[in-house]
Amino acid sequence: MKAPVTFKVEKEDRRTRARTGRLFTPHGEVETPIFMPVGTQATVKTMTADEVKEVGGRLILSNTYHLYLRPGHELIKEAGGLHKFMNWHGPILTDSGGFQVFSLSKMRKISEEGVEFRSHIDGSKHLFTPEKVMEIEMALGADIAMAFDECAPYPCDYSYAKKSLELTTRWARRCKDAHNREDQALFGIIQGSVYPDLRAQSAQQLIEMDFPGYGIGGLSVGEPKHLMYEMLEHTLPLIPPEKPRYLMGVGSPDCLIEGVIRGVDMFDCVLPTRTARTGTVFTQYGKLNLRNAQFARDFNPIEEDCDCYVCRNYTRAYIRHLIKAGEVLGIRLTTWHNLYFISRLMEKLREAIKNDNLLEFREHFFDKYRQ
């Protein structure tokens, strides 16, 4: 039987671990490295599906936890699956809800069976087991489903991190046993906090299960960036080169570049859309907060060299006015620009790898970019 999702490495950088590739899914192929816009509740906030595609989105992420609570996975299954429900014709990845449950630390209880938690919406009690999460993700019908894991907090001691990753391994095995949707791939998630030997242990145990792809979880949860990079440098080479590598929850321009250099193929993060809703936009010179008074009479585009729809048609002053007035169009425009900026960054990274000038691209980018 043909695997629902396959991956092909197309070009390896000569001086780093970066590579370009192609991810083949039931809903189309995707060039990597790729950034996935986050559509938590079956929508990339403020954007239509066609607009997400226009800004360069090719593979999007939706959230198991949120869709289970509202509107419910059975309703989405009845609608024909997540693709039809949200009118997105490209590939979709669903996370397992592990991170969301992790973030509800005061409202959940972890056991061997799974995680008992209370809904952030109405306080009702629920239980996520690996088997339940597989039931939900198979009903949603994304191209890629993530195994249920425990995302250890930072900081945590060695003993907790070890127990956590071993629980994640046992849950991953249960997920694989329960998962039987033939047109959906199930990826495992490597844990281990900031301990190199635990990362290696987690990777080895999951690789033995032969998942078609691997997420790197438990990073970007508060640890210093240099520790995240160290864990990537230690962990990514352990993953079979023919399998895609997905760094979960990372989306700032600097981390995208550094992640690609270390061999990451896939990223997701709410950062571009969340910051957009505060009036903050990305430019090649760093972030701008358009709420600031200095932009009240600034009739320039967000970025002079940007050819996105927003920069071709609107000024900083106008967008600031919309945001200050509470008009929804303001955050639609900032979201549009931010997603386009990140999409173009990934495109430039792919080109740099193909042209063997990735390190020069990084140096040129950081000569101008200020965080």
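These legends describe close-up views of a predicted model. Local features need pLDDT of at least 70, side-chain atom pairs count only at pLDDT 80 or more, and totals for chains, interfaces and linings use all residues. Residues are numbered from 1 along each chain as its sequence is written, and side-chain values use heavy atoms, with hydrogens and water left out.

**View 1. The whole protein has 15 helices and 16 strands.** Helices (H or I, at least four residues) and strands (E, at least two) are DSSP runs, numbered from the N terminus. The radius of gyration is 20 Å, close to the 21 Å from the globule rule for 371 residues, so the protein is as compact as a globular protein of that length. This radius is taken over C-alpha atoms; the rule is 2.2 Å times the number of residues to the power 0.38. Along the principal axes, the C-alpha atoms fill a box of roughly 60 × 50 × 45 Å. Buried residues make up 57% of the 371 residues. Buried means under 20% relative accessible area, exposed over 50%, and partly exposed in between (1.4 Å probe, protein chains only).

**View 2. The largest nonpolar core holds 90 residues.** A nonpolar core is a set of buried Ala, Val, Leu, Ile, Met, Phe, Trp, Tyr and Cys residues joined through side-chain atoms within 4.5 Å. F128 and F267 touch the most other members. Helix α14 (residues 328–354) gives the most to this core, with eleven residues. A second, separate core has 18 residues, including I34, L61, I144 and M266. In soluble globular proteins, nonpolar side chains tend to be buried together.

**View 3. F117 and F128 form an edge-to-face aromatic pair.** Their ring centres are 4.9 Å apart, with 75 degrees between the planes. Rings of Phe, Tyr and Trp (its six-membered ring) pair if their centres lie within 6.5 Å; planes under 30 degrees apart count as stacked, over 60 as edge-to-face and the rest as tilted. F117 sits in strand β8 (residues 115–118) and F128 in strand β9 (residues 125–128), eleven residues apart. F117 is buried at 1% relative accessibility. F128 is buried at 0%. Ring pairs link both residues with Y65, Y68, F148 and W171 into a cluster. Beyond its neighbours within four places in sequence, F128 has contacts (heavy atoms within 4.5 Å) that include S96, V101, G114 and I136.

**View 4. Y309 and W336 form a tilted pair.** The ring centres are 5.2 Å apart and the planes meet at 40 degrees. Y309 lies in helix α12 (residues 309–313) and W336 in helix α14, so the pair ties together parts 27 residues apart in sequence. Y309 is partly exposed, at 31% relative accessible area. W336 is buried, at 8%.

**View 5. Helix α10 (residues 253–261) is largely enclosed by the rest of the structure, because nine of its nine residues are buried.** Among them are D254, C255, E258 and I261. The cover includes β4 (34–36), α9 (225–235), β14 (266–268), β15 (280–283), α14 and α15 (358–368). G263 follows α10, and its phi is positive, near 110 degrees.

**View 6. Helix α7 (residues 158–178) spans 30 Å between its end C-alpha atoms.** That agrees with the 30 Å expected for 21 residues; the expected span is 1.5 Å times one less than the number of residues. Its buried residues include A161, L165, W171 and C175. Among the elements covering the buried residues are β7 (108–110), β8 and α6 (130–140).
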